[in-house]
Amino acid sequence: MTLVLPWAGSSRNRVLNEMDCDPQDLKESMFNNFSDVADWEERDFAGAEVKDMRVEAEAVVNDVNFAVRHMAVSKSLPIGEDVAYINVETKEGNRYCLELTEAGLRVVAYGFDNVDESLSMQYHETIYSLLDSLSPAYRDAFGNALLQRLEALKKVQE
């Protein structure tokens, strides 16, 4: 068995055989070459992308679509690296446009594909919290789904 340590010794790809590895050498190598580790981490994360809000918004939709009448990422409002919009119609028939940002989710309009700048709604950390505040039918659907999953888990364990 071989062990590849990108920070060990002077070479980033030094390969050590299990028998050839002295624990003291490994410890010293880890501390003496800490700058190599930092360079390696920066290199690997330098090309990492910022969160894509479209992906985040689609995940939100897929997560709770079962508990609302309609939910979809807006196709007419702009989506950026830092914001996306989601249209949702509750089981009660109320329509909302939601804004998704790093701050969370909030209602920005009472209707689809619209942003009403005069609205000053609070942010919610999760879609569950936001829908819970808007829709009693969502609460019921979510509770029923949770109960069904728990019952299924109980059957599996028996």
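The largest nonpolar core in this predicted model has 24 residues. Within that core, the residues with the most contacts are Met71, Ile86, Val88, Leu98, Ile127 and Leu131. Quite a few elements chip in: two or more residues each come from the helices α3 (53-64), α4 (127-134) and α5 (136-157), and from the strands β3 (70-73), β4 (84-89), β5 (95-101) and β6 (104-109). The largest share is that of α3, which gives five residues. There is also a second, separate core, made of six residues, and Leu77, Val83, Cys97 and Val108 are among them.

Val88 gives a feel for what the surroundings look like from inside the larger core. Setting aside neighbours within four places in sequence, Val88 is in contact with Val68, His70 and Met71, with Asn94, Arg95, Tyr96 and Leu98, and also with Phe112 and Leu131. Three of these names come up again: Met71, Leu98 and Leu131 sit with Val88 on the list of residues with the most contacts inside the core.

Two of the helices that feed this core, α4 and α5, also pack against each other. Their axes are 5 Å apart and meet at an angle of about 125 degrees, which makes α4 oblique to α5. On the α4 side the contact is made by Tyr128, Leu131, Asp132 and Leu134, while α5 brings Pro136, Tyr138, Arg139 and Phe142. Sorted by character, the residues of this contact come out as six nonpolar and two charged, with no polar ones. Leu131 thus turns up both in the helix contact and among the partners of Val88.

Over in strand β5 sits Thr101. With a relative accessibility of 16%, Thr101 counts as buried, because the cut-off for that label is under 20%. The Thr101 side chain reaches the backbone nitrogen of Ala103 at 3.1 Å. Not counting residues up to four places away in sequence, Thr101 touches Met53, Asp82, Val83 and Tyr123. Of these, Val83 has already appeared as one of the residues of the second core.

Val83 also offers a link to helix α3, where Glu56 has its place. The two residues, Glu56 and Val83, are 27 residues apart in sequence, and their C-alpha atoms are 9.7 Å apart in space. Unlike the buried Thr101, Glu56 is partly exposed, with a relative accessible area of 31%.

Notes: Residues numbered from 1 in each chain as written. Predicted model: local features only at pLDDT ≥ 70, side-chain atom pairs only at ≥ 80, totals over all residues. Heavy atoms only, no water. Core = buried A, V, L, I, M, F, W, Y, C linked by side-chain atoms within 4.5 Å. Buried < 20%, exposed > 50% of the residue type's maximum accessible area, 1.4 Å probe, protein only. Helix = DSSP H or I, 4+ residues; strand = E, 2+ residues; numbered from the N terminus. Contact = heavy atoms within 4.5 Å. Polar contact = N/O pair within 3.5 Å; in protein donor to acceptor, adjacent residues only side chain to side chain. Axes fitted to C-alpha atoms, helices over the stretch in contact; angles between N-to-C directions. Parallel < 35°, antiparallel > 145°, perpendicular 65-115°, else oblique. Nonpolar A, V, L, I, M, F, W, Y, C, P; charged D, E, K, R; others polar.
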